Amino acid sequence: MLSSMYFPDFQYGMLNHRCETFVIGSDQCWNDRLHEEGRDYFYLDFVSDDRKKVSYAASFGRPEGAVPKKRGQKLFGRFQAVSVREEFDVELFEKSYGIAAYILNPTEEKRKFCLSLQKSLGNMKLINIIDAY
């Protein structure tokens with residue numbers, strides 16, 4: 001978890017020396033009403049270009065909560081993979097940012113699908129984290 005309450009903004013860049021891949025995700029992580037204006041660490045702006053950036057089941061929380069087109073193209077164009085929670089986010093990414101996104105909302109239904117897929121692949125090991133608690 002990144003928050004200026006726990007980790008000063010100027011230190012985020014130091015994480016590039018410790019991590020190869022950065023993941024942002026979960027419900028409403030990109031909702032501009034829930035974080036301070038001008039804070040782009042939720043878009044992984046501090047991550048070096050030589051590091052991987054991935055979103056996992058991320059969300060704007062509401063269709064009108066998306067970042068403006070040019071800014072979004074710049075921020076999300078740096079991501080190697082984008083998954084979102086809602087269908088409106090998929091459409092928004094394709095139309096506004098020119099980025100293919102897919103829905104990955106962790107649910108019990110998807111867990112069952114993964115188990116079925118695992119069985120059909122000869123019990124290949126798959127990891128699906130539904131709840132981190």
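## Following the aromatic rings through the fold

Among contacts in the chain between residues at least 6 apart in sequence, 64% join residues at least 24 apart. Keep in mind as you look around that this is a predicted model.

Let's begin with the overall layout. The chain's secondary structure amounts to 3 helices and 4 strands, and reading from the N terminus the elements come in the order β-β-α-β-α-β-α. Of the chain's 133 residues, 32% count as buried. Its accessible surface comes to about 9,000 Å², with 53% of that belonging to carbon and sulfur atoms.

Now turn to the aromatic side chains. There are 16 aromatic pairs in the count. Take tryptophan 30 and tyrosine 43: their ring centres are 6.1 Å apart and their planes meet at 15°, so this pair is stacked, given that planes under 30 degrees apart earn that label. Both partners sit in the loop between strand 1 (21-25) and strand 2 (52-58), 13 residues apart, and the pair links distant parts of the chain. Tryptophan 30 has a relative accessible area of 0% and is therefore buried. Tyrosine 43 is buried too, with a relative accessible area of 2%.

A second pair to find is phenylalanine 76 with tyrosine 97. Here the ring centres lie 5.3 Å apart and the planes are at 45°, so the pair is tilted. Phenylalanine 76 belongs to helix 1 (residues 69-76) and tyrosine 97 to helix 2 (residues 87-97), so this pair ties together parts that are 21 residues apart in sequence. How accessible are these two rings' residues? Phenylalanine 76 is buried, at a relative accessible area of 1%, and tyrosine 97 counts as buried at 5% relative accessibility.

If you step back, these two pairs turn out to belong together: ring pairs link Trp30, Tyr43, Phe60, Phe76, Phe79, Phe93 and Tyr97 into a cluster. It is worth selecting those residues in your viewer.

Finally, a word on the cysteines. A disulfide is a covalent bond between the sulfur atoms of two cysteines. How many disulfides does a search of the whole structure find? The search returns 0. Among the cysteines, cysteine 19 counts as partly exposed, with 28% relative accessibility, whereas cysteine 29 is buried, with a relative accessible area of 9%. The cut-off for buried is under 20% relative accessible area, so cysteine 29 falls within that class.

Terms used:
Residues numbered from 1 in each chain as written. Predicted model: local features only at pLDDT ≥ 70, side-chain atom pairs only at ≥ 80, totals over all residues. Heavy atoms only, no water. Phe/Tyr/Trp six-rings, centres within 6.5 Å; stacked < 30°, edge-to-face > 60°. Helix = DSSP H or I, 4+ residues; strand = E, 2+ residues; numbered from the N terminus. Buried < 20%, exposed > 50% of the residue type's maximum accessible area, 1.4 Å probe, protein only. Contact = heavy atoms within 4.5 Å. Areas by Shrake-Rupley, 256 points an atom, 1.4 Å probe, with all protein chains shown as cover. Disulfide = S-S within 2.5 Å.
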